[in-house]
Amino acid sequence: MASDRPAWAQNLPSQGTYYYKFWDFATSADLADFVPTIVTDGAGWDGSIAITDARGGVLACTNTTTDDDEIQMDTEWETIRFNKLGFTYYIYGRFKIDDATQLDLVFGVHKRDTTWITLTSDGIFFAKDDGSTDIKGKSAFNASATSEYGSTTGASTADTSYHDFEIRVVTDANTLGAGVISFYVDGTLVGQLGSNQSATSICHDEEMTIGWAHRNGEAAAKTFSIDKLGVLAAPTGTT
């Protein structure tokens, strides 16, 4: 096992050559790696995206008070592609929301776009709909509608406390697009998708960004606060 892995990845199994990245959101350098997409239905956007005072650092993303206002945050580069056979990919985040019901939420990886909450063609992520407290795992591969997503039957219940969210993608040793996607909250498996469970296939022909998004479900400002974010993946271009 490589000794230079971040703390969250120290106990992950060694798989030879790998890529990892970790953000603790303690300095502005962490924020600089992300590109925001702001959607507002109001006259102007006066929300905030900033590192806040907290032990170890926290990035707080706060919308304006207009219903359906949205902040989407993506890495400025697309660094994950699930195309290495027989490899386990990890995406991890520790975050909280300030309203368990009145907002939409996504967290994970997806093909770069500016409409992730509404629709993304390719991605693997946690998702919560406005009006619901269910957080489910989703998988999209060449999707043209959200009805084409794979979705876990199991779910975690949203609240306003910090939780650890983790996605593990285990690719098949022989066939691209086959494998198992597992979703964990606080170390507990809450849902799982195989390549033949709802999803047509694990997306494997696109590089994807890492990030999150949240959208107001009412005319009140909502905040997404993220403490840590990490990814461990096969190097881009490997098979």
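Among contacts in the protein between residues at least 6 apart in sequence, what percentage join residues at least 24 apart? The figure is 67%. Keep that in mind as you move around, since several stops on this tour pair residues from separate stretches of the chain.

**Start with the whole chain**

This is a predicted model, so colour it by pLDDT before anything else. The average over the protein is 87, and 88% of the residues score at least 70. Now select residues 196-200: pLDDT stays under 50 there, and the model gives this stretch six contacts beyond four places in sequence.

Switch to a cartoon view. You should find one helix and 16 strands. The protein has 239 residues, and 50% of them count as buried.

**Into the core**

Next, select Phe82, Ile124 and Trp212 and show their side chains. These three touch the most other members of the largest nonpolar core, which has 46 residues. Then add strand S16, residues 223-233: this strand gives the core its largest share, six residues. A second core, separate from that one, has nine residues, including Val106, Ile117, Ala140 and Tyr149.

**The largest pocket**

Keep Ile117 selected and add Ala127, Lys128, Asp129 and Lys138. Of the 17 residues that line the largest pocket, these five lie nearest its centre. The volume of the pocket is about 290 Å³. To see where the lining comes from, highlight strands S7 (103-110), S8 (123-128) and S9 (134-140), each of which supplies at least two lining residues. If you are thinking about chemical character, the lining divides into seven nonpolar, three polar and seven charged residues.

**Strand S1 and its neighbours**

Move to tyrosine 19, which sits in strand S1. With a relative accessible area of 24%, tyrosine 19 is partly exposed. Show what surrounds this residue: leaving aside neighbours within four places in sequence, tyrosine 19 is in contact with Trp77, Thr79, Val231, Leu232, Ala233, Ala234 and Pro235. For a distance label, join the C-alpha atoms of tyrosine 19 and tyrosine 89; they are 9.8 Å apart in space and 70 residues apart along the chain.

Step along to tyrosine 20, also placed in strand S1, which covers residues 19-23. Tyrosine 20 counts as partly exposed because its relative accessibility is 25%. Its C-alpha lies 9.8 Å from that of threonine 79, with the two positions 59 residues apart in sequence numbering.

**Two positive phi values**

Which loop holds phenylalanine 25? Phenylalanine 25 is in the loop between S1 and helix H1 (28-31). Its phi is near 55°, a positive value in a residue other than glycine. Most residues other than glycine have a negative phi, which makes this a good spot to check on your Ramachandran plot. Phenylalanine 25 counts as buried because its relative accessibility is 0%.

Now jump to asparagine 142, in the loop between S9 and strand S10 (150-151). Here too phi is positive, about 55°, although the residue is not a glycine. Is asparagine 142 buried or partly exposed? Asparagine 142 is partly exposed, since its relative accessible area is 44%.

**Lysine 96 on strand S6**

Select lysine 96, in strand S6 (residues 88-97). Lysine 96 is partly exposed, at 29% relative accessible area. Not counting residues up to four places away in sequence, lysine 96 touches Thr160, Ser161, Tyr162, Thr223, Phe224 and Ser225. Thr223, Phe224 and Ser225 fall within the numbering of strand S16, residues 223-233. Measure across to aspartate 159 as well: the C-alpha atoms of lysine 96 and aspartate 159 are 7.9 Å apart, for a sequence separation of 63 residues.

**Last stop: leucine 176**

Finish in the loop between strand S12 (163-171) and strand S13 (179-185), where you will find leucine 176. Its relative accessible area is 42%, so leucine 176 counts as partly exposed. Beyond its neighbours within four places in sequence, leucine 176 is in contact with Phe82, Asn83, Leu85 and His204. Phe82 is one of the core residues you selected earlier. As a final distance, label leucine 176 to isoleucine 202: 8.0 Å between C-alpha atoms, with the two residues 26 apart along the chain.

Terms used. Residues numbered from 1 in each chain as written. Predicted model: local features only at pLDDT ≥ 70, side-chain atom pairs only at ≥ 80, totals over all residues. Heavy atoms only, no water. pLDDT = per-residue confidence, 0-100. Contact = heavy atoms within 4.5 Å. Core = buried A, V, L, I, M, F, W, Y, C linked by side-chain atoms within 4.5 Å. Buried < 20%, exposed > 50% of the residue type's maximum accessible area, 1.4 Å probe, protein only. Helix = DSSP H or I, 4+ residues; strand = E, 2+ residues; numbered from the N terminus. 1 Å grid on protein atoms, 1.4 Å probe; cavity = no way out; pocket = protein on both sides within 12 Å on 5 of 7 lines; lining within 4 Å. Points joined across faces, edges and corners; volume = space filled by probe spheres on them. Nonpolar A, V, L, I, M, F, W, Y, C, P; charged D, E, K, R; others polar.
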